Amino acid sequence: MPRLLIDLSPLRSSVPYRRMWLGTSLSAIGTGLTTVAVSLQIYDITGSTFNVGLVGLFALVPLVAFGLYGGAIVDAYDRRRVVVTTSTGLLLVGVGFTAQAWFDVGSVGLLYGLVAVQNALFAVNNPARTAIVPRLLPVGLLPAANALTGLSMGLSYTVGPLVAGALVGWWGYSATYAVEVALVAVALATLVALPPVPPEGEVRRAGLASVWEGLRFLGTRPNVRMTFLVDLAAMVFAMPRVLFPAIGATALGGGATTVGLLSAAIAAGTVTANLFSGPLGAVRRQGLAVLLSVAAWGATIVAFGLVVAASPGPVPGGGAGSSLWLAVAVLVLAGAADAVSSVFRMTILQAATPDALRGRLQGVFIVVVAGGPQLGQLVLGTTAQLTGEALAAIAGGTACLLVLVALARYQPGFARYDARDPTP
């Protein structure tokens, strides 16, 4: 009988993997701290929500640009060396954040610049770390390893912002950034202890030709390609976060508190699903599992829209409406579905991609993960402007389901993908 709770076998079976997972988890919490602290500091300096919103632009552009080229770097050099070098850079960026707060520089431009450099380094660091995992663990433990990654990321999305808010309130920005520096320093120590991980197979020089080779591989390997396409269907058409502020102000009420609850609900679903991910290691039809979990995501977003549409509105005095907790419950289910999809998409990508191309494909993954939700905010935000928030969620979830059906019909072999024979 499959175990119910998360499988910790990867942590027990590989000391290098255990060290890297610990370092990655600490670094992710530090990144969560900085993300919130930067937004708060920019708002304190400018008093402008627009200026806070520009942080996303300065993060996204380097992620996209360096995600593609960074993957080529990962495939051309020892991955331990790439991880250690970029983590050292992230540590220095953290020192920069701390110094500008300590000396009260008050420069929004400097903060934008540090955010850009931080995300450029992350766009190389993340594919390198992810490409190392299949070299440290047998293929049968990859689902468990990706569930552990999902758990650490989910916790970072909840713990990081909560701790950042408290630290900024108690000790100020410089102390908050200093905590991130300490966490990244510990993470760097765990990465230095990794064994060398040189790329296997034919090594190509990092450059545009190498990037293009990775894209050509993706274009001719339907199972790997489908992991990206189904995620784009979910994130572009049915990522509801952009709707939360208006929903908190009107349909459900409660304002910022409601927005926080709705955002935390998705993260709570992610954490819960990963905590109870033990049975996922026994799933062979991983492509089918991806399709079903993305379908569940789309269906829950439709349900969320229906709950918002049926809400009687805010209670007198500005409180939240009676439908809030039902909306939260639906989004918890959505987060759980996304977590399952993420585990299997990452597992297929790692297992079915040759080692010589893993860095480049992980670079494309970074671009999709970063760019999909950003594009989704534009799509749902525009739809909401025309139809209202409830109908935008219903339409987005429905579009996700329709595109998913079309993709499954276009590539029927994906539903038959077997973990025992990882064919790209």
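**Helix packing and residue environments in a predicted all-residue model**

Ser 341 is found in helix H13, which spans residues 324-352; helices here are DSSP runs of H or I with at least four residues, strands are runs of E with at least two, and both are numbered from the N terminus. The model is predicted, so that local features need pLDDT of at least 70 and side-chain atom pairs count only at pLDDT 80 or more, while totals for chains, interfaces and linings use all residues. Residues are numbered from 1 along each chain as its sequence is written, and side-chain values use heavy atoms, with hydrogens and water left out.

With a relative accessibility of 3%, Ser 341 counts as buried, where buried means under 20% relative accessible area, exposed means over 50%, and partly exposed lies in between (1.4 Å probe, protein chains only). Not counting residues up to four places away in sequence, Ser 341 touches Val 290, Ser 293 and Val 294; contact means heavy atoms within 4.5 Å.

The protein has 15 helices and 0 strands. Of its 424 residues, 52% count as buried. Among contacts between residues at least 6 apart in sequence, 87% join residues at least 24 apart. The accessible surface comes to about 17,700 Å², and 70% of this belongs to carbon and sulfur atoms. Accessible areas come from the Shrake-Rupley method with a 1.4 Å probe, and for residues only the protein chains shown count as cover.

Two packed helices are described by the angle between their axes and the distance between the axes. Helix H9 (residues 222-238) packs against helix H15 (residues 389-410) at an angle of about 165°, the axes being 8 Å apart. Axes are lines fitted to C-alpha atoms, for helices over the stretch in contact, and angles run from 0 to 180 degrees between N-to-C directions. H9 is thereby roughly antiparallel to H15; angles under 35 degrees count as roughly parallel, over 145 as roughly antiparallel, 65 to 115 as roughly perpendicular and the rest as oblique. H9 passes H15 in a right-handed crossing. A crossing is right-handed if the near helix is turned clockwise from the far one by less than a right angle, and left-handed if anticlockwise. On the H9 side the contact is made by Arg 225, Met 226, Leu 229, Val 230, Ala 233, Ala 234, Phe 237 and Ala 238. The H15 side includes Gly 396, Gly 397, Cys 400, Leu 404 and Tyr 410.

Helix H2 (residues 15-46) and H5 also pack at an angle of about 165°, with their axes 12 Å apart, and are therefore roughly antiparallel to each other. The crossing of H2 and H5 is left-handed. Residues of H2 at this contact include Pro 16, Tyr 17, Met 20, Thr 34 and Ile 45, and those of H5 include Val 108, Tyr 112, Gln 118, Arg 129 and Leu 136.

The structure holds 3 aromatic pairs. In one of them, Phe 58 and Tyr 112 are stacked, at 4.4 Å centre to centre and 5° between the planes. Rings of Phe, Tyr and Trp (its six-membered ring) pair if their centres lie within 6.5 Å; planes under 30 degrees apart count as stacked, over 60 as edge-to-face and the rest as tilted. Phe 58 lies in helix H3 (residues 49-76) and Tyr 112 in helix H5 (residues 108-136), so the pair ties together parts that are 54 residues apart in sequence. Phe 58 is partly exposed at 32% relative accessibility, whereas Tyr 112 is buried at 8%.

Several residues were examined in and after helix H4 (residues 79-102). Thr 85, in H4, is exposed with a relative accessible area of 51%. Its C-alpha lies 9.7 Å from that of Val 192, across 107 residues of sequence. Gly 94, also placed in H4, is buried at 2% relative accessibility. The C-alpha atoms of Gly 94 and Thr 34 are 8.3 Å apart, with their positions 60 residues apart in sequence. Beyond its neighbours within four places, Gly 94 is in contact with Glu 180 and Val 181.

Most residues other than glycine have a negative phi. Asp 104, in the loop between H4 and H5, has a positive phi of about 50° although it is not a glycine. Asp 104 counts as exposed, at 64% relative accessibility.
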